Amino acid sequence: MNMNVDYIMHLADSALILGHRNSEWCGHGPVLEQDIAITNISLDLIGQARNFYQYAAGLHNDGSTEDSLAYLRDVREFRNLLLVEQPNGDWAHTILRQFFISNFQYELYRWLAAQEDEQLAAICNKALKEVTYHLRWSSEWVIRLGDGTEESKQRMLSAIDDLWTFTGELFTRAPFEPVDPAIFSQNYQQRITEIFTEARLPIPTGVYFQQGGKTGLHSEHLGFILAEMQFMQRAYPGSAW
Amino acid sequence: MNDHIKKILSNVQDPEVPVLSVIDLGIVRDAVETDEGIEVVITPTYTGCPAMDVISAQIRMELLAHGYRSVTVKTVLSPAWTTDWMTEEGKQKLKAYGIAPPLHSQQVCATERFSDEVIQCPLCSSFHTHQVSNFGSTACKALYQCDDCKEPFDYFKCH
């Protein structure tokens, strides 16, 4: 049994855009080891995106490839979460964004790995090992920054203010989703409570959430990401390494 | 996979850790000969591992060089690769190369935060080491430093 191809595209787009965002840190990380860490996470995410796109291309069965799906679609066709396209900001923003996503992906991929769509289950089972590592790494950094210096704490508070509003979309079901993602929210919230308490950060309580990524209504940032990421294929169609 | 093919594929090295063959790594899952040719089944270490394309090409080249025709290399994701599939010989080679081999995954593949694994320094064999970063020069490694001989080293992390 195959899942809806739009759903596979949504998973692919979220992994790709976050992978691209993280890759913007390459050469700019706060210290060498963490520059390497965030770009390794980027590599994992882009690898996961490739697997999802390859699978989707096969289901589309219209001559599309992983490359055409990544490089030749425009903003309104992308189905990624709004959260992943938000700017890197400072290290606190990048860490918090990764923590929210890894926390969610950990629950989602565990569920997908147990479903009947064999190819999707295989991709997610494989990705889960990597996501587990991302979750551990980003959790440690939330704690380190939240319970660090006065400045690192202020930066985490500011990141929470900026990013929390994009997290509600994770749990808003789109028509293509095989399950109501609300079933993941309990474990997700519990982990936030656990990590934020250890980090001495307030548990966010905001209830107004931005929506739209899953239906192609994006923030202004996605256009700029695509302009950079797709430039080569747009300027030199069909170019290859 | 028969011993003959295994022996041939032992010549194919991981381009990023050139002391390990694809057999040592445990990424060759099967090799099936038919009347039409031979199909080798491999599985990636990490999803985004950039070495996989090179490895596929090298497996093809090696088999062609040994007289096989119609060589296909297929990639499968399930069951997912684990460092437990690395051969004992591979682990010894890693250590001799200066990379700490992976511990058994059941011992250490944990999600607990800030838990330091006790990794033996591959150079002076001291257990008095600490983690510098849980990510290293490639997706499969973490950075450690020995507190006795002071040498930094890579740890091929359990997966």
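Let me start with chain B, where buried residues make up 37% of the 159 residues, and I should say at once that what we are looking at is a predicted model. Along its principal axes, the C-alpha trace of this chain spans about 55 × 30 × 25 Å. As for how the chain comes together, if we take the contacts in chain B between residues at least 6 apart in sequence, 51% of them join residues at least 24 apart.

Turning to secondary structure, chain B has 5 helices and 7 strands, and if you follow the elements from the N terminus on, they run α-α-β-β-α-β-α-β-α-β-β-β.

Now, which strand of chain B is joined by bridges to strand S1, residues 28-33? The partner is strand S2 of chain B, residues 38-42, and the two strands run antiparallel, with 5 bridges between them. One residue to pick out on screen is B:Val32, whose bridge partner in S2(B) is B:Glu39. The link from S1(B) to S2(B) is a hairpin, and 4 residues make up that connection. As a general reminder while you look at this part, side chains in a regular strand alternate between the two faces of the sheet.

Finally, let me come to the place where the chains meet. Here 17 residues of chain B are in contact with 23 residues of chain A. Sorted by class, the side of chain B that touches chain A has 8 nonpolar and 8 polar residues, together with 1 charged residue. I have described this interface by residue counts, although the size of an interface is often given as the accessible area lost when the parts come together.

Definitions and conventions:
Residues numbered from 1 in each chain as written. Chains lettered and ligands numbered in written order. Predicted model: local features only at pLDDT ≥ 70, side-chain atom pairs only at ≥ 80, totals over all residues. Contact = placed C-beta atoms within 7 Å. Nonpolar A, V, L, I, M, F, W, Y, C, P; charged D, E, K, R; others polar. Pairing = 2+ DSSP bridges. Buried ≥ 20, exposed ≤ 12 C-beta atoms within 10 Å, placed from the backbone.
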